[in-house]
Amino acid sequence: MYSRDCVIFNTYTHKNRSDMMFSANVDGDRIRLNFLPYPVLARCARVNPTDWHDWISMAFEIKGCD
């Protein structure tokens, strides 16, 4: 999700407006890269995990921002 004001968040979607789901790594050691198909203007980003194995844990980084 992304927001310009960090209050109201929009879901990042495909061009057909269905929610975008990103893949995660399958172990605790590998990095999984995901690229946004199109840019958005945002001040804040939010990640909403939808599934996990044994325990929930996550790290994410946004690169390439201007």
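Q: What share of the contacts with a separation of 6 or more in this protein comes from residues 24 or more positions apart?
A: In this predicted model, residues 24 or more positions apart account for 47% of the contacts with a separation of 6 or more, where a contact means heavy atoms within 4.5 Å.

Q: How many helices and strands does the secondary structure of the protein come to?
A: The assignment gives zero helices and two strands, and a run of at least two residues is enough for a strand. Strand 1 covers 2-3 and strand 2 covers 44-45, so each of them meets that minimum.

Q: Why is T13 called buried?
A: T13 has a relative accessibility of 16%, and buried means under 20%, so T13 counts as buried. This residue sits in the loop between strand 1 and strand 2, and, leaving aside residues up to four places away in sequence, T13 touches S18, D19, M20 and Y38. The C-alpha atoms of T13 and W52, which are 39 residues apart along the chain, are separated by 22 Å.

Q: What part of the 66 residues in the protein is buried?
A: Buried residues make up 11% of the 66 residues. The accessible surface of the protein comes to about 6400 Å², and 52% of that surface belongs to carbon and sulfur atoms.

Q: Why is C6 called partly exposed rather than buried or exposed?
A: The relative accessibility of C6 is 31%, and partly exposed lies in between the limits of 20% and 50%, so C6 counts as partly exposed. C6 belongs to the loop between strand 1 and strand 2, and its phi is positive, at about 65°, although C6 is not a glycine.

Q: What makes R17 an exposed residue?
A: R17 reaches 73% relative accessibility, and exposed means over 50%, so R17 counts as exposed. R17 is also placed in the loop between strand 1 and strand 2, and its phi is near 75°, a positive value in a residue other than glycine.

Q: How do you know that L41 is exposed, and which residues does L41 touch?
A: With 58% relative accessibility, L41 is over the 50% limit and therefore counts as exposed. L41 lies in the loop between strand 1 and strand 2 and touches Y2 and R4, not counting residues up to four places away in sequence. The C-alpha atoms of L41 and G28, 13 residues apart along the chain, are separated by 31 Å.

Q: Which residues make the nonpolar surface patch, and why can I62 be one of them?
A: The patch of about 380 Å² is made by V47, M58, F60 and I62. Patch residues need over 30% relative accessible area, and I62 has 49%, so I62 meets that requirement while counting as partly exposed. I62 lies in the segment after strand 2.

Q: How many positive and negative side chains does the protein have, and where do the centres of the two sets lie?
A: There are 8 positive and 8 negative side chains, and the centres of the two sets lie 10 Å apart. For the extent of the fold, the C-alpha atoms fill a box of roughly 35 × 25 × 25 Å, taken along the principal axes.

Notes. Residues numbered from 1 in each chain as written. Predicted model: local features only at pLDDT ≥ 70, side-chain atom pairs only at ≥ 80, totals over all residues. Heavy atoms only, no water. Patch = residues over 30% accessible without salt bridge, like charges linked within 9 Å, V, L, I, M, F, W, Y side chains within 5 Å. Areas by Shrake-Rupley, 256 points an atom, 1.4 Å probe, with all protein chains shown as cover. Salt bridge = Lys/Arg side-chain N within 4 Å of Asp/Glu carboxyl O. Helix = DSSP H or I, 4+ residues; strand = E, 2+ residues; numbered from the N terminus. Buried < 20%, exposed > 50% of the residue type's maximum accessible area, 1.4 Å probe, protein only. Lys, Arg positive; Asp, Glu negative; His and termini not counted. Charge placed at Lys NZ, Arg CZ, Asp CG, Glu CD.
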